Amino acid sequence: MDRFHIEKVSKALGDQTRLKIFEAISAGKCISCGEIVSMRGVTPATVSHHLKILSEAGLIACRREGQFVYSAAIPETVEQYTRALTKLSKSRKSARR
């Protein structure tokens, strides 16, 4: 994962509401926009905006079934992000020595 993607994922997860939405999506296999709205007490437009940012960061995949949009987490992105941050922290430690 390059620096651009690290920043994109960091910004996506840096918002409290988006982080809560991502946690809810990650907890299940697939969740609808309506379920997120009812759980988090935010408007459908707000949920849609946050889902777009999470999707652009590669953290979730969205699919439409009729009038419903379902979201699922992409664990590979989190794994790549974790490895990239670990690599960054190790390179910073070795630079300090």
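What follows is a conversation between a visitor and a guide about a predicted model of a protein chain.

Visitor: Which secondary structure elements does the protein chain have, and how are they ordered?

Guide: Welcome! The chain has five helices and three strands. Starting at the N terminus, the elements run α-α-β-α-α-β-β-α. The C-alpha trace spans about 55 × 20 × 20 Å along its principal axes.

Visitor: What share of the residues is buried?

Guide: Of the 97 residues, 27% are buried. As for contacts with a separation of 6 or more, 55% join residues 24 or more positions apart.

Visitor: Let's turn to the helices. Why are α2 and α4 called roughly perpendicular?

Guide: Two packed helices are described by the angle between their axes and the distance between the axes. Here the axes of α2 (residues 16-27) and α4 (residues 44-56) cross at roughly 75 degrees and come within 10 Å. Angles from 65 to 115 degrees count as roughly perpendicular, and α2 and α4 are therefore roughly perpendicular to each other.

Visitor: Which residues make that contact?

Guide: On the α2 side they are T17, R18, I21, F22 and I25, and on the α4 side H49, H50, L51, I53 and L54. By type, the residues of this contact divide into six nonpolar, three polar and one charged.

Visitor: R18 is part of that contact. What makes R18 count as buried?

Guide: Buried means under 20% relative accessible area. R18 has 10% relative accessibility, so R18 counts as buried. R18 sits in helix α2 and, beyond residues up to four places away in sequence, touches K11, A12, H49, H50, I53 and L54.

Visitor: How far apart are R18 and L54 in sequence and in space?

Guide: They are 36 residues apart in sequence, while their C-alpha atoms are 7.5 Å apart in space.

Visitor: How do you know whether H50 is buried or exposed?

Guide: The same kind of reasoning works. H50, at 8% relative accessibility, falls under the 20% limit, so H50 counts as buried. H50 belongs to helix α4, and its contacts, not counting residues up to four places away in sequence, are D15, T17, R18 and I21.

Visitor: Now to α1. What makes you say that I6, V9 and A12 are on the same side of α1?

Guide: In α1 (residues 3-13), I6, V9 and A12 are buried. They cover an arc of only 130 degrees around the axis, which puts them on the same side of the helix. The face turned away from that buried side carries the exposed residues F4 and K11.

Visitor: Why is A12 called buried?

Guide: With the limit at 20%, A12 has a relative accessibility of 1% and therefore counts as buried. Leaving aside neighbours within four places in sequence, A12 is in contact with R18, I53, L54, A57 and L59. A12 and L59 are 47 residues apart in sequence, and 8.6 Å separates their C-alpha atoms.

Visitor: And M1, what makes it partly exposed?

Guide: Partly exposed lies between the 20% and 50% limits. M1 has a relative accessible area of 37%, so M1 is partly exposed. M1 is in the segment before α1 and, apart from its neighbours within four places in sequence, contacts I6, V9, T77, Q80, Y81 and A84.

Visitor: How many aromatic pairs are found in the whole structure?

Guide: The search finds one. F68 and Y70 form this pair.

Visitor: Why is the pair of F68 and Y70 called tilted?

Guide: The angle between the planes is 50 degrees, with 6.5 Å centre to centre. Planes under 30 degrees apart count as stacked and those over 60 as edge-to-face, so the rest are tilted. That makes the pair of F68 and Y70 tilted.

Visitor: Are these two rings' residues buried, partly exposed or exposed, and how do you know?

Guide: F68 has a relative accessible area of 43%, and Y70 has 23% relative accessibility. Partly exposed runs between 20% and 50%, so F68 is partly exposed and Y70 counts as partly exposed.

Visitor: One last residue: why is S32 called buried?

Guide: S32 has a relative accessible area of 9%, and buried means under 20%, so S32 is buried. S32 lies in strand β1 (residues 31-32). Beyond residues up to four places away in sequence, S32 touches V69 and Y70.

Key:
Residues numbered from 1 in each chain as written. Predicted model: local features only at pLDDT ≥ 70, side-chain atom pairs only at ≥ 80, totals over all residues. Heavy atoms only, no water. Axes fitted to C-alpha atoms, helices over the stretch in contact; angles between N-to-C directions. Helix = DSSP H or I, 4+ residues; strand = E, 2+ residues; numbered from the N terminus. Parallel < 35°, antiparallel > 145°, perpendicular 65-115°, else oblique. Contact = heavy atoms within 4.5 Å. Nonpolar A, V, L, I, M, F, W, Y, C, P; charged D, E, K, R; others polar. Buried < 20%, exposed > 50% of the residue type's maximum accessible area, 1.4 Å probe, protein only. Phe/Tyr/Trp six-rings, centres within 6.5 Å; stacked < 30°, edge-to-face > 60°. Arc of directions from axis to C-beta.
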